[in-house]
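Q: I have a structure open and would like to go through its loops, helix packing and empty spaces. Could we take them in turn?

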Amino acid sequence: MNEFWPRRFDSNEWFVLISLIIVYGVFLALPRRFPRVVALAYCSIGFGISMYWDFHLGIPPADLYDINDSPNYEITDMFLFVLYPPFAYFFVYFMDLWKIRGLGVALYVLACSAGGMAFEALAVYCRVFTYKHWTLGLSFLFYLFAQTVLAFLYLLIERNYGRKKMESG
């Protein structure tokens with residue numbers, strides 16, 4: 001049981017806790033933009049994509065990086081995992097708010113991927129991630145992939161949800 005708790009409470013734990021407070025503060029403060037079930041879908045997609053890849057890349061046999069102080073999971077690792085859903089929600093929230101379409105989607109995905117990479121660079125600096133055979137460049141490619149999938153799903157959900165909403169109203 002003691003292995004589940006951090007050995008020391010240092011910069012990586014502080015980074016995760018402060019990030020949680022800020023990210024969920026913004027998340028809860030934003031005006032509601034989507035029906036709850038749609039918002040939950042976006043958060044679930046973000047959580048699912050990130051967890052799938054973290055469990056395939058961060059543990060053996062790939063074992064490309066460690067999270068926090070240890071190769072074993074700690075409680076703060078679980079807190080880190082709940083940071084992913086709001087970021088997916090923010091991505092679609094602002095894509096919807098700013099009505100990004102066409103070439104703008106590609107530019108938006110590039111900009112958000114750069115933002116994700118910058119946030120991760122700060123996390124690496126605070127020792128949230130310890131790379132073994134991973135780089136920020138690979139993270140950028142992952143963000144490009146994940147956010148392209150999320151943008152596609154957003155456009156698909158919006159088109160189908162919008163059509164059904166118009167048919168019922």
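Q: To begin with, where does R127 lie?
A: R127 lies in the loop between α5 and β2 (129–131). Helices (H or I, at least four residues) and strands (E, at least two) are DSSP runs, numbered from the N terminus. This is a predicted model, in which local features need pLDDT of at least 70, side-chain atom pairs count only at pLDDT 80 or more, and totals for chains, interfaces and linings use all residues. Residues are numbered from 1 along each chain as its sequence is written, and side-chain values use heavy atoms, with hydrogens and water left out.

Q: What is the phi of R127?
A: Phi of R127 is positive, at about 65°, although R127 is not a glycine.

Q: Is R127 buried or partly exposed?
A: R127 has a relative accessible area of 39%, so it is partly exposed. Buried means under 20% relative accessible area, exposed over 50%, and partly exposed in between (1.4 Å probe, protein chains only).

Q: And what about K99: where is it placed?
A: K99 is in the loop between α4 (84–97) and α5 (103–125). Its phi is near 50°, a positive value in a residue other than glycine.

Q: Why does K99 count as exposed?
A: K99 counts as exposed because its relative accessibility is 56%.

Q: Which peptide bond is cis?
A: The bond from P60 to P61 is cis, with omega near 10°. P61 is placed in the loop between α2 (36–57) and β1 (65–67).

Q: Turning to the helices, at what angle do α4 and α5 cross?
A: Their axes cross at roughly 150° and come within 12 Å. Axes are lines fitted to C-alpha atoms, for helices over the stretch in contact, and angles run from 0 to 180 degrees between N-to-C directions. α4 and α5 are therefore roughly antiparallel to each other. Angles under 35 degrees count as roughly parallel, over 145 as roughly antiparallel, 65 to 115 as roughly perpendicular and the rest as oblique.

Q: How do α2 and α4 pack?
A: α2 and α4 pack at an angle of about 125°, with their axes 7 Å apart; these two helices are therefore oblique to each other.

Q: Now the empty space: how much lies in the largest pocket?
A: The largest pocket holds about 820 Å³ of space. On a 1 Å grid over the protein atoms alone, a pocket is an open set with protein on both sides within 12 Å along at least five of seven lines, whereas a cavity is a set of points where a 1.4 Å probe fits but cannot get out; lining residues have an atom within 4 Å of a point. Grid points are joined across faces, edges and corners, and a volume is the space filled by probe spheres set on the points.

Q: Which lining residues are closest to the centre of that pocket?
A: Of the 33 residues that line the largest pocket, Y84, F87, G116, Y143 and Q147 are the closest to its centre. α5 gives the largest share of this lining, 7 residues.

Q: How many cavities of 30 Å³ or more are there?
A: The count comes to 1 cavity of 30 Å³ or more. The largest cavity has about 60 Å³ of space.

Q: Which residues line the largest cavity?
A: Its lining includes D54, G58, I59, Y65 and D66. The largest share of that lining, 3 residues, comes from β1.
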